[in-house]
Amino acid sequence: HIHFLATVDPTTLPLISTSLHPFHPATMSPQSLLLAILAIASYSASAFAPVTPYTSKTSTTTTQLQMAEEIKAAPMVTGEQLETMLQEWDTPLVVDAYATWCGPCLLMSPEFEAAAKDLEGKVRFVKLDTDLEPQMAGRLGIMGLPTLLFLDKNDDMEAVEQGKAPMAVLKERIEGALRKDSIVDLANYHFFGGPMPTQLS
């Protein structure tokens, strides 16, 4: 046996090791070989079948988020949009100056949205990202976050027309997160002659 192993030609080893396999080309008829090739080709083609790309799901999600933002009662605005709002006074305005990294801001966000829905059509509610709009945040004197600004039209139109007074009047500035009921109570007090809130939370 030792003499047999010593004289085995190494070039025959691959043939010996695979010739026992039932699908080795040397053991298959031409028809079987052709069928095997077709089966492999078919499997390979299905393996590379078109798949819905991940980006399309992302873009769909982005579109859904944009749609959700559009129908919010308290939408996000740019500094330019807010500037326009401060010149066009059909209804009072409440601004939530916030930042995405601010914990209290995130906690107040659903409360602010709920208050906006309660007073929809009577008061405009908007959100200003101070990180994206630092110039406007500076003009509004935002020092802490979140800051709520209750703004109304200046009744002294003569002073406004003469350039002696701004179109908007700041009724109140509050730093810190508030619940929906407190936001609504403050809006009713400043804009509609409601009772002054005795306790804010």
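The colouring to start with is pLDDT, the predictor's confidence in each residue, on a scale from 0 to 100. Its mean over the protein is 76, and 63% of the residues reach 70 or more. This is a predicted model, in which local features need pLDDT of at least 70 and side-chain atom pairs count only at pLDDT 80 or more, while totals for chains, interfaces and linings use all residues. Residues are numbered from 1 along each chain as its sequence is written, and side-chain values use heavy atoms, with hydrogens and water left out.

**Confidence along the chain**

Select residues 1-25, where the pLDDT is below 50 and where the model has 9 contacts beyond near neighbours in sequence; a contact means heavy atoms within 4.5 Å. Then select residues 36-62, where pLDDT stays under 50 and the model has 1 contact beyond four places in sequence. Where pLDDT is low, the predicted coordinates should not be read in detail. Among the elements of the protein, helix α2 (residues 13-18) has the lowest mean pLDDT, 41, and β1 the highest, 98; helices (H or I, at least four residues) and strands (E, at least two) are DSSP runs, numbered from the N terminus.

**The sheet**

Next, show the strands β1 (93-98), β2 (124-129) and β4 (168-175), together with β3 (147-153). They form an open sheet of 4 strands in the order β2-β1-β3-β4, with mixed pairing, where two strands pair if DSSP finds at least two bridges between them. Because β2 and β4 stand at the edges, each with a single partner strand, one side of each is left without a neighbour in the sheet. Zoom in on β1 and β2, which pair in the parallel sense over 6 bridges, and pick V94, whose bridge partner in β2 is F125.

Stay in β2 and select V126, which is buried, with a relative accessible area of 1%; buried means under 20% relative accessible area, exposed over 50% and partly exposed in between, with a 1.4 Å probe and protein chains only. V126 and V95 are 31 residues apart in sequence, yet 5.1 Å apart in space, C-alpha to C-alpha. Leaving aside residues up to four places away in sequence, V126 touches nine residues that include P75, V77, L82, M85 and F112.

**Helix α9**

Now select α9 (180-192), a helix of 13 residues that reaches 17 Å from its first C-alpha to its last, close to the 18 Å expected at 1.5 Å a residue (the expected span is 1.5 Å times one less than the number of residues). Its buried residues are S182, I183, V184, L186, A187, H190 and F191, and they pack against β1, α6, β2, β3 and β4. Just after the helix comes G193, whose phi is positive, near 70°.

**The core**

Finally, show the largest nonpolar core, in which V94, F112, F125, L148, F150, L178 and I183 touch the most other members among its 19 residues. Such a core is a set of buried Ala, Val, Leu, Ile, Met, Phe, Trp, Tyr and Cys residues joined through side-chain atoms within 4.5 Å. The elements that give two or more residues to this core are α6 (103-118), β3 and α9, and the largest share, 5 residues, comes from α9. Which residues does F150 touch, not counting those up to four places away in sequence? Among them are L93, V94, V169 and L170, as well as I183, L186, A187, H190 and F191. A second, separate core of 17 residues includes L86, L93, A97 and I142.
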